[in-house]
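Please look through the sequence and the model below, and then follow this report from the sheets to the ligand and on to a region named in a database record.

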Amino acid sequence: MTDTQQTWSETESARYRAAGHWQGVTFGTRLRRAAAGHGGRVALVDGDRRWTYAELDTEADRVAGGLRGLGIGRGDRVVVQLPNCAEFVFIWFGLQRLGAVPVHAMPGHRNREMGHLVRVAEAVACVVPDRHARFDHRELMHEVWAEQGPGGSLRHVVVVGDPGPDPGFVPFEALRAEPPSTSTSTSGSGSGSDDGGADPGDVALLLLSGGTTGLPKLIPRTHDDYAYNARACAQVCALDSETVYLAVLPIGFNFTFACPGVLGTLMAGGTVVVAPDPSPQTAFALVEREGVTLTSLTPPLVPHWTDEAASGSWDLGSLTLVQVGGARLPEDQARTLGPALGVTVQQVFGMAEGLINLTRLDDPEDLVCATQGRPVSPDDEVLVVDSEGRPVPDGTPGELLTRGPYTLRGYYRAEEHNRTAFTPDGYYRSGDVVRRLPTGHLVVVGRIKDQINRGGEKIAAVEVEEQLLTHPAITAAALVGVPDERWGERSVAFVVCAGAAPGAREVAAHLKERGLAGYKTPDEIVRVPGLPLTAVGKVDKAALAQELLRR
Ligand code: J2J
């Protein structure tokens, strides 16, 4: 494995291999084998375009050839910021074919986040759409590139769509113009051009943490661990070659990509359909047309999907399983979703860091509706501990600590943060407060990390507070999550001001100007004379939230 991050011990690695969790196969080789095994089956559908496994394999080769022509090779990091489209999958596997490492950015990320990702990953390239959701990503990349300066790592920007007048921007279409190189082997030896000579223990991709500190941390995932993540989820969800998965949430989100999502479906020989937007109208039309069997949602989408299904204008007969996760699903919504869509509901409590909990397809309704599932692997180790780190009895809330065959042992290039984010024996401190039932199911009851979960989108309070303080009128700021009907939680900024307080619009404009992703903009600004402090002198966010609820 590359760089300074901690990893699994030799003993643990041997155990995970012996158990069959780590299969020693890179993603580049997996795709080659899939093409050899069932090349004629449809792998991917985007609008009117569809690709078989053999064609997807060829696309990966083509894109790899183009990327290689740019000088990209084994171990190089490439930030991929694309909406849900087939090109995401081509680029992803093209990079795998070279042993290069995609960094999964979200479409909503802006200058601050993208610049940060490029710097931390020392990325050599970024892949962006021309425009998406009324936003020009080429302009964003101009800014990011300019801020990198001549000493920066960034050498290429690949644009899916129109690259614009800048000769430095490479059109995606030019990347794949080269016919696939004839030197590619079909032997699946893992040492040649199937995967650029990558080792199954290498970092295959970097995911983003929801973050509790200034900016998102990068999560290294290896070929072995991430393939197991996808396979273990696929097994619980009973995926097979008949599975048709609809990618509704952002495709680069861990949930959508590998729980079981895109990778789990492709590893089972099924078909992935990408949805351009998460509206039930778009999704239901695709369900009807493509015979979708499985999809995944965050809780804010659930009422819209339930309502639209009730209109009775759709035939959702093919759909059998709908996963909901990323934030707590209200129990009443869990109970109505299944009957409304005629599906089995599955709650998903996951994290990009690793551990995935799923309710099981044959769990009784009460467990499905009132818990967030249990770990997918028999080798997931879960501890629920009190503030002293001592295990608490089942039924008592405590912080969830976890380690296992697909949970990280250290963030990428974050040695100092890693010292507190993990216990000395390698457990990841999730910051989630859970209750464990005797069945092993977990109920998420709260959070001790300073993060707001706005309908599944994670906001690190510190990051927004730092940016609020750059406004000339704001002298102190605290971002707090408060219950919200639509989002589960919304973000409220308590600000102390010198002189006139800026309004919500002005604050939003200021944060946009600072290059912060839009979903991090506070939903509400509340001016206060001062911030209350706890006994140890920290800002008392619980008191602020209480105060707001009282009003
Ligand atoms: C309450 N909180 C939840 C749930 C995640 C699958 C599903 C989700 C994510 C994800 C993911 C929750 N109820 N059902 O990566 O593969 C909160 C917890 C957790 C954090 C992780 C996946 N499901 N959460 O949401 O890395 O606080 O991953 O620690 O974005 O989301 O966030 P993230």
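## How strands are counted as paired

Two strands are taken to pair if DSSP finds at least two bridges between them. In general, strands of a sheet pair through backbone hydrogen bonds, and they may do so in a parallel or an antiparallel way. Please keep in mind that the structure described here is a predicted model.

## The sheet of nine strands

Nine strands make up an open sheet, and following them across gives the order β2-β1-β13-β12-β14-β15-β16-β17-β18, with mixed pairing. At its edges lie β2 (49-52) and β18 (374-375), each of which pairs on one side only. Helix α4, which covers residues 86-98, packs on this sheet and touches β1 (42-46), β2 and β13 (271-274), while its direction makes about 135° with that of β1.

The pairing of β18 can be followed in some detail, since strand β17 (residues 354-358) and β18 are joined over two bridges in the antiparallel sense. Here N357 stands opposite P375, a residue of β18.

## The sheet of four strands

Another open sheet is formed by four strands in the order β19-β20-β21-β22, and its pairing is antiparallel. Its edge strands are β19 (381-385) and β22, each pairing on one side only. On average, neighbouring strands of this sheet are turned by 45° against each other, if direction is ignored.

Within this sheet, β21 and β22 run antiparallel and are joined by five bridges. V433 stands opposite G446, which belongs to β22.

## The surroundings of the ligand

Which residues come nearest to the ligand? Of the 23 residues around the ligand, these are N254, F255, G325, G350 and A352. Two or more residues of the shell are given by each of the elements α9 (254-258), β16 (344-351), β21 (428-436) and β22 (442-447), and β16 gives the most, with five residues.

By chemical character, the shell around the ligand divides into nine nonpolar, ten polar and four charged residues. Why can the ligand be said to lie between two domains? Domain 2 (277-447) and domain 3 (451-550) both give residues to the shell, and therefore the ligand lies between them.

## A region from the UniProt record

In an unreviewed entry, UniProt lists residues 463-538 under the name "domain: AMP-binding enzyme C-terminal". In the model, the chain over residues 463-538 is 21% helix and 33% strand, and the C-alpha atoms at the ends of this stretch are 16 Å apart.

Terms used
Residues are numbered from 1 along each chain as its sequence is written. This is a predicted model: local features need pLDDT of at least 70, side-chain atom pairs count only at pLDDT 80 or more; totals for chains, interfaces and linings use all residues. Two residues are in contact if their C-beta atoms, placed from the backbone, lie within 7 Å. Axes are lines fitted to C-alpha atoms, for helices over the stretch in contact, and angles run from 0 to 180 degrees between N-to-C directions. A residue is near a molecule or strand if its C-beta atom, placed from the backbone, lies within 6 Å of it. Ala, Val, Leu, Ile, Met, Phe, Trp, Tyr, Cys and Pro count as nonpolar, Asp, Glu, Lys and Arg as charged, and the others, Gly among them, as polar. Domain bounds come from an automatic or database domain assignment. UniProt positions are given in the numbering used here, feature names are shortened, and annotations may be inferred rather than shown by experiment.
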